[in-house]
Amino acid sequence: MTEQVIKTLTDPSFLIALLVGIAVFATVFTLLPAFGGDPLKARMKSVALERDELRAKQRARLAAEADRRRSGLREQQSTGMRHIVDKLDLRRALADESTTQKLRMAGFRGQNPLTKFLFFRLVLPFAGFALAAAYIFVLGTLGDKPLFMKLFVCVLAAYAGFYAPVLYVSNRATKRKKSIQLAWPDALDLLLICVESGMSVEAALRRVADEIGAQSVELAEEFVLTNAELSYLQERRQAYENLAGRTGLESVKSVTQALIQAERYGTPVAHALRVLASESRDMRMNEAEKKAAALPPKLTVPMILFFLPVLFAIILGPAGIQVSQHGIFGDRPSASSPQ
């Protein structure tokens, strides 16, 4: 069998046929892109189609969000929640300007979210206390603990229920700020291009909102709202200050201050936007470098806990097996055994 295979491989006719087949395959593989068209054009066409599709989806989403918010402003608030909040005067007891500001930063605007926030801060402590009491006294959990410890756990559950809405709003605001901060340098570059091309600030904000929606819906929503406020507010400065207040970012605040100064003194907007866009990109790069620099200390503990034990087991495992089988000094003849 082996001799037949060697004879076939050394046959000149077989070698010629093999070389001809390889040459034909290489020729077809080389000329295939020429017959298939320009791959760059096909790729650009597919990218353009995908971009248009994403843009259409984001526009539909933004339109749905705007319709939902407009309908939410028109519809009546829940009478039960509003009646309880107004009767107990929870706005004066639990809400202040910072609470409203935090709700705006989390994306909740209007009186209806504030009413729900105050209502849940009132109800959730009682619900948490009742659930903890049922879990401890009815189901028999912590049966060997004293009564004081059981009541203390119930009070902790009520305390957690009281601060649960605050934590939810803070978490929502943090995620929203992170999304806006990541997309802000790109939005500034687009805004700079639109302003330098001769567009007004309103048209530039509307155009950037359409483009940046694929990257950050929150930032596109803020641009649309700012554009609307520039149209109906008496002072344009108030619209820019509202944008900075809703986002809570220093980079956004610096841009709004530059726009306010440009509106007041007539200074060129493009130069200020160019400088601020460069600073925003540098800040984003610094944040990435800071996270990269903090990665080795964070990996130290996982490596010690998970990597080094496995490494020691692999290195010392064979030696341990050998010692357990043959003893420490191996199998040596005893002194009483005959020579």
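The legends below describe close-up views of a predicted model.

**View 1. Phe 119 and Phe 120 form an aromatic pair.**
The structure holds four aromatic pairs. In the pair made by Phe 119 and Phe 120, the rings meet edge-to-face, with 5.9 Å from centre to centre and 70° between the planes. The pair counts as edge-to-face because the angle is over 60 degrees. Phe 119 is buried, and its relative accessible area is 16%. Phe 120 is partly exposed, and its relative accessible area is 37%.

**View 2. Trp 184 and Phe 223 form a tilted aromatic pair.**
The ring centres of Trp 184 and Phe 223 are 5.9 Å apart, and the planes of the rings make an angle of 45°. Trp 184 belongs to helix H8 (residues 147-196), while Phe 223 belongs to helix H10 (residues 217-232), so the pair ties together parts that are 39 residues apart in sequence. Are these two residues buried or exposed? Both Trp 184 and Phe 223 are buried.

**View 3. Arg 121 and a cluster of rings.**
Tyr 159, Phe 162 and Tyr 163 are linked into a cluster by ring pairs. Over the ring of Phe 162 sits the charged end of Arg 121, at 4.1 Å from the ring centre. Arg 121 also lies over the face of Tyr 163, where the distance to the ring centre is 5.5 Å.

**View 4. The largest cavity has about 60 Å³ of space.**
One cavity of 30 Å³ or more is present in the structure. The lining of the largest cavity is made by Trp 184, Leu 191, Leu 205, Phe 223, Thr 226, Tyr 240, Leu 243, Val 255, Thr 256 and Leu 259. Trp 184 and Phe 223, the tilted pair of View 2, are thus among the residues that line the largest cavity. At least two lining residues come from each of H8, H10, helix H11 (236-247) and helix H12 (250-265). H12 supplies the largest share of the lining, three residues. Sorted by type, the lining has eight nonpolar residues, two polar ones and no charged ones.

**View 5. The second largest pocket has a volume of about 280 Å³.**
The residues that line the second largest pocket are Lys 178, Gln 181, Leu 182, Trp 184, Pro 185, Ser 251, Ser 280, Met 283, Arg 284, Glu 287, Ala 288 and Lys 291. Trp 184 is named in this lining and also in the lining of the largest cavity. Which helices each supply at least two residues of the lining of the second largest pocket? They are H8 and helix H13 (269-293). H13 gives the most, with six residues. By type, the lining of this pocket divides into five nonpolar, three polar and four charged residues.

**View 6. Glu 222 is a buried residue in helix H10.**
The relative accessible area of Glu 222 is 0%. Glu 222 counts as buried because this value is under 20%. Which residues is Glu 222 in contact with, leaving aside its neighbours within four places in sequence? The contacts of Glu 222 are Arg 109, Arg 176, Ile 180, Leu 243, Arg 246 and Thr 247. One of these contacts, Leu 243, is also in the lining of the largest cavity shown in View 4.

Note on methods: Residues numbered from 1 in each chain as written. Predicted model: local features only at pLDDT ≥ 70, side-chain atom pairs only at ≥ 80, totals over all residues. Heavy atoms only, no water. Phe/Tyr/Trp six-rings, centres within 6.5 Å; stacked < 30°, edge-to-face > 60°. Buried < 20%, exposed > 50% of the residue type's maximum accessible area, 1.4 Å probe, protein only. Helix = DSSP H or I, 4+ residues; strand = E, 2+ residues; numbered from the N terminus. Lys NZ or Arg CZ within 6 Å of the ring centre and 35° of its normal. 1 Å grid on protein atoms, 1.4 Å probe; cavity = no way out; pocket = protein on both sides within 12 Å on 5 of 7 lines; lining within 4 Å. Points joined across faces, edges and corners; volume = space filled by probe spheres on them. Nonpolar A, V, L, I, M, F, W, Y, C, P; charged D, E, K, R; others polar. Contact = heavy atoms within 4.5 Å.
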